[in-house]
Amino acid sequence: ASAVAQLPTETKATCCYCGVGCGVLIQSDGEKVIAVRGDPDHPANFGRLCTKGSTLHLTARPALQQQSRALYPEMRLARSDERERTSWATTMDFIVNKFAATIRDHGPDSVGFYLSGQLLTEDYYVFNKLAKGLIGTNNVDTNSRLCMSSAVAGYKQTLGADAPPPCYEDIDQAQVIFIVGSNTAYAHPIIYRRIEDARKANPLLKVIVADPRRTDTAREADLFLPILPGTDVALFNGMLHICLWEDLVDLEYIEAHTEGFAELKQTVREYTPKFVADICGIKEEDLMQAARMFGKSKATLSMYCQGLNQSSSGTAKNAALINLHLATHQIGKPGAGPFSLTGQPNAMGGREVGGLATMLSAHRDLANPQHRAEIAKLWGVADVPATPGKSAVEMFEAVHTGDIKIIWIVCTNPAQSMPEQAMIREALRNAELVIVQEAYKTTASCDYADVLLPASTWSEKEGTVTNSERRITRFKSVLPKLAETKHDWEIAVDFARKLEGALGKPSSIFPFETTEEIWNEHRESTRGRDLDITGLSFKLLEEQGPQQWPFPEGATTGKKRLYEDGIFPTATGRAKFANTVYQPVAEPVDARYPFHLTTGRLRDQWHGMSRTGTVAQLFSHASEPSVVLSKVDMERRLLNVGDLVHVTSKRGSQIFPVALGDDMRAGQAFIGMHWGEEYVSGRGRDGDGTYGVNALTTPAYDPSSKQPELKHAAVKILKAEFP
Ligand code: SF4
């Protein structure tokens with residue numbers, strides 16, 4: 001009989017890269033992905049994709065999968081051994097016994113889980129329940145800690161809940177867009193294109209950009225404020241000072257809907273234009289103009305990202321910007337509000353299930369006994385431990401000191417992305433057991449894995465994700481799982497059930513057979529909370545498409561924009577001004593380390609390049625890492641483009657070729673974050689720094705959000721001499 005050729009079908013999904021959360025249509029013949037195009041019906045992108053999204057199909061090629069994918073469980077019994085292929089049954093028995101013995105001998109806090117903003121909400125939910133509900137430890141944190149925990153803390157401190165108030169539609173309705181600490185054109189390209197469209201449609205729309213670098217986003221701005229690194233709180237307090245002086249604050253709104261303004265008013269008295277201009281390194285008149293544009297506009301929308309978050313004062317930066325919105329009533333109305341852009345595709349979903357060491361499901365607080373009791377009841381466990389777990393940096397420090405003996409890393413690569421790589425790698429070398437659950441066996445962290453658990457990935461997985469505007473998309477898998485890979489949630493559930501047996505639990509709290517069952521338990525946990533999604537069944541999401549939260553039972557639509565009624569989810573119903581005070585960066589430059597180093601994304605790469613690094617055309621924008629310097633600094637140091645230099649901080653040293661940054665400020669240096677040790681070792685090892693740019697960055701973190709200051713380190717730069 002002649003075989004009937006199967007026609008390619010198109011399946012709706014989302015792009016697995018950034019937090020814009022673009023909808024994609026995946027064309028597949030059931031065995032491979034043939035093509036990808038933007039979903040014209042998805043409200044995040046209306047059919048558009050950036051260079052990364054539009055090449056997704058090239059990352060799902062069978063030949064590539066054989067080379068770089070983790071296809072079978074692997075294990076080694078001694079650190080000196082090579083890992084060998086093993087079976088799931090043997091692997092699970094081994095790690096269950098090891099967990100049970102370690103918990104028995106050293107207590108539940110002797111183990112830790114390090115997750116990823118690239119997991120689906122259902123994956124996140126099960127791991128969170130496994131750690132906090134079954135094992136009894138809050139040592140479950142995520143690489144989202146490196147990405148947005150300061151935004152979480154800023155929202156909670158001022159507005160009462162971790163919920164971005166605006167939506168993408170506000171871009172179309174804004175009169176002023178204030179972009180701070182975000183190279184939106186590179187990091188969130190489809191949002192940037194929407195901004196460009198809005199400018200074409202409304203010539204009166206003005207864009208202000210504040211950033212230490214004149215990025216491609218800054219180049220297009222109507223007003224650019226080239227602030228010195230880490231000076232954002234001074235900038236926002238200064239703008240509020242001017243708004244007060246020029247009567248641009250909304251006293252009626254402040255009186256009716258907020259508290260704490262009197263204290264803040266006292267504080268910002270000190271932030272005179274001259275004082276602030278000196279701190280920030282900008283012109284007084286530019287500061288005045290920015291404040292006037294912000295305060296006078298009918299609708300001001302702020303969009304911000306890692307420049308605010310990855311900072312030792314990240315929470316204060318977020319809060320100070322929200323203060324400005326509250327004082328001028330630029331919130332809770334069309335085209336206005338403080339809008340934190342999420343880096344990863346499902347960092348928002350992780351926040352919703354409480355997938356951080358300091359949070360509980362549905363925006364509950366670990367420190368609140370009632371919240372712990374509610375979750376314990378829902379999960380059917382006696383209690384949830386009150387002791388806060390270790391956040392990302394603390395967790396690896398605890399692995400380093402031996403307090404955490406087993407670390408389970410899921411879908412992320414701390415051996416490249418964490419600051420102070422020398423310490424991180426020593427911690428991984430010294431841990432009693434390192435488990436890495438990964439789709440790609442090529443990451444640096446896999447080198448440290450005693451146990452490698454092969455996971456499914458984009459186009460094979462199904463479940464839900466939430467994007468930056470609180471919009472949840474449900475998608476189905478397109479391809480079957482490869483070889484012996486399993487879905488992330490399946491691995492967690494298998495392990496949890498076996499561990500329950502080993503710990504002598506009489507019945508299972510992990511009855512899940514499908515992602516829908518996990519989703520249903522998760523949405524029940526949100527009942528009555530600010531992010532109530534009890535009305536969002538899988539059926540509704542499939543039939544009506546992506547929806548924004550909150551979406552309680554009985555609702556027919558989600559909420560586009562929050563706080564339009566002026567009521568905030570705080571005890572008093574009022575927003576709270578935070579009394580924000582400027583603090584300089586954790587590691588100021590000095591005579592020995594005179595350069596401000598900032599790190600960030602390049603346009604066409606994603607994170608550590610496990611996926612984008614397999615697509616040749618994505619290297620046309622930048623083929624290798626470089627340190628970008630100003631013309632002045634290059635001339636002073638007799639450097640030419642392409643010369644190799646040692647970039648050295650107090651923690652390590654790296655060799656990079658020099659690139660010229662047009663309009664880069666003297667004394668500043670920029671290095672893209674994507675390249676790891678493969679690149680560096682290709683050039684020969686360089687002292688103690690062999691791990692990419694994070695050999696240089698500081699582990700100093702914000703005391704409230706615990707987010708490390710990846711955006712600033714003091715470095716020196718010297719021309720490399722070769723014999
Ligand atoms: Fe993917 Fe982000 Fe590009 Fe959209 S903007 S296609 S989500 S990388």
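The chain holds 26 helices and 28 strands, where helices (H or I, at least four residues) and strands (E, at least two) are DSSP runs numbered from the N terminus. The model is predicted: local features need pLDDT of at least 70, side-chain atom pairs count only at pLDDT 80 or more, and totals for chains, interfaces and linings use all residues. Residues are numbered from 1 along each chain as its sequence is written.

In overall extent, the C-alpha trace spans about 75 × 75 × 65 Å along its principal axes. The radius of gyration is 25 Å, which agrees with the value near 27 Å for a compact globule of 723 residues. This radius is taken over C-alpha atoms, and the globule rule is 2.2 Å times the number of residues to the power 0.38.

The chain is assigned domain 1 (9-60), domain 2 (74-146 + 346-512), domain 3 (149-341) and domain 4 (595-719); these bounds come from an automatic or database domain assignment.

One sheet is open and consists of five strands in the order 10-9-8-12-13, with parallel pairing. Two strands are taken to pair if DSSP finds at least two bridges between them. Strand 10 (223-225) and strand 13 (337-340) are the edge strands; each has a single partner, so one side of each has no neighbour in the sheet. From one strand to the next the twist averages 15°. Such angles run from 0 to 180 degrees between N-to-C directions, with axes as lines fitted to C-alpha atoms, for helices over the stretch in contact.

At the strand 10 edge, three bridges link this strand to strand 9 (residues 206-210) in the parallel sense. Within strand 10, Phe224 stands opposite Val209. Helix 14 (residues 284-296) lies across strand 8 (176-180), strand 9, strand 10 and strand 12 (300-304), and runs at about 120° to strand 10. Helix 16 (residues 314-327) also packs on the sheet, touching strand 8, strand 12 and strand 13, and its direction makes about 155° with that of strand 13.

Helix 16 appears again where domain 3 meets domain 4. The C-alpha centres of these two domains lie 28 Å apart, and 22 residues of domain 3 are in contact with 23 residues of domain 4. Contact here means C-beta atoms, placed from the backbone, within 7 Å. On the domain 3 side, two or more residues come from each of helix 5 (149-159), helix 7 (184-187), helix 15 (306-309) and helix 16. Helix 5 gives the largest share, four residues. By class, this side has seven nonpolar, 13 polar and two charged residues. Ala, Val, Leu, Ile, Met, Phe, Trp, Tyr, Cys and Pro count as nonpolar, Asp, Glu, Lys and Arg as charged, and the others, Gly among them, as polar.

A second strand assembly is a barrel, closed by six strands in the order 23-27-24-26-25-28 with mixed pairing. Its twist averages 45° from one strand to the next. Strand 24 (residues 627-629) and strand 27 (residues 668-672) run antiparallel and are joined by three bridges. Phe670 in strand 27 has Val628 opposite.

The ligand is surrounded by 14 residues, of which Cys15, Cys18, Cys22, Cys50 and Gly53 are the closest; a residue is near the ligand if its C-beta atom, placed from the backbone, lies within 6 Å of it. Helix 1 (51-54) and helix 8 (189-201) are the elements giving two or more residues to this shell. Domain 1 and domain 3 each supply at least three of its residues. The shell divides into nine nonpolar, four polar and one charged residues.

Terms used. Two residues are in contact if their C-beta atoms, placed from the backbone, lie within 7 Å.
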